[in-house]
Amino acid sequence: MGYYYGYYMDPTYMLVLIGAVLCIFAQMRVSSAYKKYARIRSRSGLTGAEAAQRILQLSGIHDVRIEHVRGELTDHYDPAHKVLRLSDSVYGSSSLAAVGVAAHECGHAVQHHKGYAPLKIRTALVPAANIGSRAGIPLIFLGVLLGMNQLFIQIGIWVFALAVLFQLVTLPVEFNASGRALAMLGDYGMLERDETNGCRSVLNAAALTYVAAAASAILQLMRLVLLFGGSDRRRDG
C-alpha cells in the first residue's frame, strides 16, 4: 500500500514539472521571436511559398511539391510523399519569419535529396516512436494493475524509450536543417545579412522547442525508471 501512495505523492513529480516548465519556456520563446519577425517584411518581397520554390530549384530539387496546410506553425516536410507543406502564416507571407520557416522546411527536403543519415534514421523510427508515445505508459500501468507484473512494466519502459530515442535523433536533423536554411538564404542572395540574422533568431527559438521536448522526454523516462525499474526488488523486500 505504501508503494502506491509513494507513486502518487513521490518527489519524482519534480522531473515532470521541470520538463513542463522547459517546454512552456521554449514555446514562449518561439512565439515571441516569430511574432517579432512576422511583422518585418523581407526586402525581396518573396512569400514563404515563393522562397521555398526558389530554394528547391536552385538546390536542384524538382520533384517536391509545395502545398498550403491549415494552422499556425504546422509547417513540415513529408519525405514519404515529397511534399513541403506551409502553414497559413508562412505560405503567403513575405515576412522574415515566414521566409525563415519555409527555408527550414526546404532544409529537410535537401537532407532527403542528399540522403542525410540522421533523417533516414528518424524516418525509420517514426512507427516505433508513435507506438512508444501511445503505448509505453499504458503498458506500465497495466503491469501495475496486474500486481506489479514485471513483463508489462519492463516492456512499457523499453517501448517508451523508443519515443525518447526519436526525440534525440530529431535534434541533429532540426539543427542541420536550420543551418542549411540560413546558408541557402545567404548563398542564393535571397536575404541580406541583417535579415538573415532575423531568420536565425526565429530558427534558434524553434530549435529550443525540440531541445525542451527531448529533455522533457528524458526526464519522464528517468521518472519511470526510478519508479518502476527496481520494482521487483522493492516487492521482494
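Here a colleague asks a modeller about the pocket and the nonpolar cores of this predicted model.

Colleague: What makes the largest pocket a pocket rather than a cavity?

Modeller: A cavity is a set of points that a probe cannot get out of, whereas a pocket is an open set. This one has a volume of about 630 Å³.

Colleague: How do you know which residues line the largest pocket?

Modeller: A lining residue has an atom within 4 Å of a point. The largest pocket has 28 of them, with Asp75, His104, Glu105, Glu174 and Tyr210 nearest its centre. Among the elements giving two or more residues are helix 2 (13-38), strand 2 (76-78) and helix 7 (150-187). Helix 8 gives the largest share, 6 residues.

Colleague: And how do the lining residues divide into nonpolar, polar and charged?

Modeller: There are 15 nonpolar, 8 polar and 5 charged ones. Tyr counts as nonpolar and Asp and Glu as charged.

Colleague: Why is the largest nonpolar core called a core?

Modeller: The name fits because its members are buried nonpolar residues joined through side-chain atoms within 4.5 Å. There are 33 of them, and Ile55, Leu86, Val90, Cys106 and Leu185 have the most contacts inside this core. Helix 5 supplies the largest share, 10 residues. There's also a second, separate core of 12 residues, including Ile153 and Phe160.

Colleague: What does Leu86 touch, leaving aside its neighbours within four places in sequence?

Modeller: Contact means heavy atoms within 4.5 Å. On that basis Leu86 touches, among others, Ala52, Ile66, Val69, Asp75, Ala102 and Glu105. Asp75 and Glu105 also turn up among the residues nearest the centre of the largest pocket.

Key: Residues are numbered from 1 along each chain as its sequence is written. This is a predicted model: local features need pLDDT of at least 70, side-chain atom pairs count only at pLDDT 80 or more; totals for chains, interfaces and linings use all residues. Side-chain values use heavy atoms; hydrogens and water are left out. On a 1 Å grid over the protein atoms alone, a cavity is a set of points where a 1.4 Å probe fits but cannot get out, and a pocket is an open set with protein on both sides within 12 Å along at least five of seven lines; lining residues have an atom within 4 Å of a point. Grid points are joined across faces, edges and corners, and a volume is the space filled by probe spheres set on the points. Helices (H or I, at least four residues) and strands (E, at least two) are DSSP runs, numbered from the N terminus. Buried means under 20% relative accessible area, exposed over 50%, partly exposed in between (1.4 Å probe, protein chains only).
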